[in-house]
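Dear colleague,

I am passing on the structure we spoke about, together with some notes on what I found when going through it. Please look it over before you read on.

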Amino acid sequence: AVVSTQSTGALALAVCLYWLLGAAWADLSDGNAFLGYHHFAGVDIMDKEYPEVFFFACVGGLVIAFISRAICERMTIISHLIVCGVVTGLIWPIVVHWVWSSKGWLMVGTETDSGQATYLDNA
């Protein structure tokens, strides 16, 4: 029961924090090389951007599922939720912006496959 409670709480927290903060910091259409800065709490998200926000929120939930299995019974539920909040509200959105945004510093000078899952350096 504890494992399912922590997992469900972590997923709910992940989606909420990604919607509030992560969508802005992972902004694929604007920002600088390090961070996006528009769309906090979903403000001014265009219709074509909703699938991107949903996709990256779900993948953020998957990241939390992996972390959750590693730390689930080794931490209290509050500590677990704090780790999940930091990962999905701060770390994951910044990595998304770096890799998938046209302005992200890891995207500049790279080529992707058709699904944009693999990045190849042109160096």
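How much surface does the protein chain expose, and what share of it do carbon and sulfur atoms supply? The exposed area comes to about 7100 Å², and carbon and sulfur atoms supply 71% of it. Please keep in mind throughout that this is a predicted model, with a mean pLDDT of 76 for the protein chain and with 84% of its residues at 70 or more. Confidence is highest in helix 3, at 84, whereas strand 2 (residues 119–121) has the lowest value, a mean of 48, and I would ask you to read the model with that in mind.

As to the overall layout, the protein chain holds 3 helices and 2 strands, and, read from the N terminus, these elements follow the order α-α-α-β-β. The chain has 123 residues, of which 35% count as buried. If one takes the contacts with a separation of 6 or more, 55% of them are between residues 24 or more positions apart.

On the surface there is a nonpolar patch of about 520 Å², which is made by Ile77, Ile78, Ile82, Val86, Leu90 and Ile91. One of these residues, Val86, has its place in helix 3 (residues 77–100), and it counts as partly exposed because its relative accessibility is 40%, which lies between the 20% limit for buried and the 50% limit for exposed.

Next come the aromatic residues, for which the structure holds 3 aromatic pairs. In one of them, the ring centres of Trp19 and Tyr50 are 6.3 Å apart and the ring planes meet at 15°, so this pair is stacked. The pair links distant parts of the chain, since Trp19 belongs to helix 1 (residues 2–25) and Tyr50 to helix 2 (residues 50–71), with their positions 31 residues apart. Trp19 is partly exposed, at a relative accessible area of 33%, and Tyr50 is partly exposed as well, at 36%. Another pair is formed by Trp98 and Trp105, whose ring centres are 5.3 Å apart and whose planes stand at 65°, so that this pair is edge-to-face; the angle is over the 60 degrees that this class requires. Trp105 itself is partly exposed, with a relative accessible area of 46%.

Finally, two buried residues of helix 3 deserve a look. Is His97 buried or exposed? His97, which is found in helix 3, counts as buried because its relative accessibility is 0%. Not counting residues up to four places away in sequence, His97 touches Trp25, Ala26, Asp27, Asp30, Gly31, Asn32, Ala33, Phe34, Leu35, Gly36 and Gly104. Val96 is likewise found in helix 3, and with a relative accessibility of 0% Val96 also counts as buried. Leaving aside neighbours within four places in sequence, Val96 is in contact with Tyr18, Ala26, Leu28, Phe56 and Ser101. The C-alpha atoms of Val96 and Ala23 are separated by 9.6 Å, while the two residues are 73 residues apart along the chain.

With best regards

Notes: Residues numbered from 1 in each chain as written. Predicted model: local features only at pLDDT ≥ 70, side-chain atom pairs only at ≥ 80, totals over all residues. Heavy atoms only, no water. Helix = DSSP H or I, 4+ residues; strand = E, 2+ residues; numbered from the N terminus. Buried < 20%, exposed > 50% of the residue type's maximum accessible area, 1.4 Å probe, protein only. Contact = heavy atoms within 4.5 Å. Areas by Shrake-Rupley, 256 points an atom, 1.4 Å probe, with all protein chains shown as cover. Patch = residues over 30% accessible without salt bridge, like charges linked within 9 Å, V, L, I, M, F, W, Y side chains within 5 Å. Salt bridge = Lys/Arg side-chain N within 4 Å of Asp/Glu carboxyl O. Phe/Tyr/Trp six-rings, centres within 6.5 Å; stacked < 30°, edge-to-face > 60°. pLDDT = per-residue confidence, 0-100.
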